[in-house]
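Q: Please take a close look at one part of this protein, the paired strands, and then follow the charged side chains from there. I would like one connected account rather than a list.

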Amino acid sequence: MNIVFSLFRMKRMKHSLKYCFQILPAIMLLTAFVPLACTGQETDSVLQTANQYIELHKEQLTLKFAVTNNIESFSVHSGDLDYTLQPNTDLKMKLFFSYRFILFSVAFAPRFLPGNNDNKEKGESDIFEFATTINLQRWFQRLSYTKISGFYSKNQYYLPEENNRYLIFPELQYKGFTGYTIYKVNPHYSILALENQTERQIRSAGSLLPILGYRYYTIDNQIELTENTSSQKSNNFEFNLSLGYFYTLVISKKLYASAGLAGGGGMIYTKLLTRYYEESYTSQNNAPIFRTELSAGLGYNSKRFFAGVQTAGFLERYNQNKASNAITHDGVNFQVFAGYRFGAPKVLSRNIDRLMPR
């Protein structure tokens with residue numbers, strides 16, 4: 001079945017928080033055994049205090065495991081047809097590693113997670129994500145790459161006797177590079193305490209955060225063309241400049257709650273390539289975009305073990321093909337995580353020191 005993509009926009013999936021309580025005990029049990037696998041001595045500077053508000057843990061090796069429903073999907077509008085295409089994945093797992101200046105994470109969607117094992121009806125999907133962060137005092141930078149293969153859509157137009165509830169697109173592929181740059185107005189507020197737990201907020205603090213977000217992504221239908229078929233590839237670039245305020249309340253020495261609100265606007269630039277068997281056509285579209293996001297979190301953060309839950313909701317508004325009618329997207333994401341900090345193995349610290357002496 002051929003679908004003409006006249007609009008490409010990313011949209012987060014909505015899922016129940018009940019998965020949090022199914023996954024969290026397993027993650028916490030796994031992290032409890034992490035220190036047994038590595039040995040090493042801590043230096044006197046392992047736990048150093050930048051000021052009375054932030055405790056640094058960059059000299060410790062940190063591992064974190066997380067489960068999230070933050071899965072990319074997108075809408076397709078073609079004439080009277082309206083589809084939401086998404087990968088056959090409800091949840092994905094993230095593994096974080098950090099030591100000194102090395103900070104990165106990988107994400108994938110194992111089949112044993114709830115909602116990831118119904119390939120017979122919805123087809124197979126593969127998800128891979130790699131991300132890294134850089135922190136320079138008041139500046140914070142995050143870059144990520146995501147690749148998704150295989151999508152499906154609920155078939156709202158099927159005949160009952162066909163017993164086919166889903167349309168499957170195994171050749172559809174998404175590739176995206178995403179980044180955001182943040183400036184921290186208040187030096188006493190720690191972004192890393194929430195982002196990757198290489199710092200610990202020890203006194204309550206908040207800050208204004210100017211945020212520049214940008215993303216380049218392609219969505220490509222890679223089916224083999226015949227005289228009776230066509231395919232399309234969408235190249236998209238978007239940027240968004242927003243201003244937010246985020247606050248971390250330190251309830252006790254080890255418990256914290258966080259919240260934040262940000263809003264802003266930007267532009268989306270889309271180049272659409274339509275391919276036929278012997279020819280192809282290109283069209284372009286530019287549109288303004290406005291976005292608001294609200295986030296909240298609750299966690300436990302000691303000098304060794306940490307765990308928590310984070311959730312974020314967003315509302316996104318833009319015009320379709322420069323028309324007067326506005327399109328609104330919204331969604332809610334959650335993340336459950338747990339991790340442990342421990343002394344880095346000597347072989348690791350020696351090699352890092354050779355690469356970049358203190």
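A: In this predicted model, G264 of strand β15 stands opposite R291, a residue of strand β16. That position belongs to an antiparallel pairing in which β15 and β16, the latter covering residues 280-301, are joined over 21 bridges, and the chain passes from β15 to β16 by way of a hairpin with 4 residues between the strands. Strand β15, which covers residues 255-275, also pairs with strand β14, residues 231-250, again in the antiparallel sense and over 20 bridges. Within this second pairing F246 is set opposite G260 of β15, and a hairpin of 4 residues carries the chain from β14 to β15. As a general point for reading such strands, side chains in a regular strand alternate between the two faces of the sheet.

Strand β14 also leads to the charged side chains, since E238 lies in β14 and R215 in strand β13, residues 205-221, so that their pair ties together parts that are 23 residues apart in sequence. The contact between the side chains of E238 and R215 is a salt bridge with an N to O distance of 3.0 Å, and both E238 and R215 are buried. In general terms, side chains of opposite charge can pair when their charged atoms come close.

A search of the whole structure finds 9 salt bridges, among them one between R200 and E55, whose closest N and O atoms are 2.9 Å apart. This pair links distant parts of the chain, with R200 in strand β12, residues 199-201, and E55 in strand β3, residues 54-56, a separation of 145 residues. Because its relative accessibility is 8%, below the 20% cut-off, R200 counts as buried, and E55, with a relative accessible area of 8%, is buried as well.

A further salt bridge joins the side chains of R142 and E129, at 3.9 Å from N to O. Here R142 lies in strand β10, residues 139-154, and E129 in strand β9, residues 126-136, so this pair ties together parts that are 13 residues apart in sequence. Both partners are buried, R142 with a relative accessible area of 13% and E129 with one of 7%. R142 and E129 also take part in a network of salt bridges that links them with K92, K94 and E195.

K92 is the residue at which strand β7, residues 92-99, begins, and the loop between β6, residues 81-85, and β7 contains N88. At 4% relative accessibility N88 counts as buried, and a polar atom of the N88 side chain lies 2.7 Å from the backbone oxygen of G123.

For the setting of these details, the protein contains 4 helices and 18 strands, and buried residues make up 47% of its 358 residues. Among contacts with a separation of 6 or more, 69% are between residues 24 or more positions apart. The protein exposes about 18,300 Å², of which carbon and sulfur atoms supply 57%.

Note on methods. Residues are numbered from 1 along each chain as its sequence is written. This is a predicted model: local features need pLDDT of at least 70, side-chain atom pairs count only at pLDDT 80 or more; totals for chains, interfaces and linings use all residues. Side-chain values use heavy atoms; hydrogens and water are left out. Helices (H or I, at least four residues) and strands (E, at least two) are DSSP runs, numbered from the N terminus. Buried means under 20% relative accessible area, exposed over 50%, partly exposed in between (1.4 Å probe, protein chains only). Contact means heavy atoms within 4.5 Å. Accessible areas come from the Shrake-Rupley method with a 1.4 Å probe; for residues, only the protein chains shown count as cover. Two strands pair if DSSP finds at least two bridges between them. A salt bridge is a side-chain nitrogen of Lys or Arg within 4 Å of a carboxyl oxygen of Asp or Glu. A polar contact is a pair of N or O atoms within 3.5 Å; within protein, one must be able to donate a hydrogen and the other to accept it, and residues adjacent in sequence count only if both atoms are side-chain atoms.
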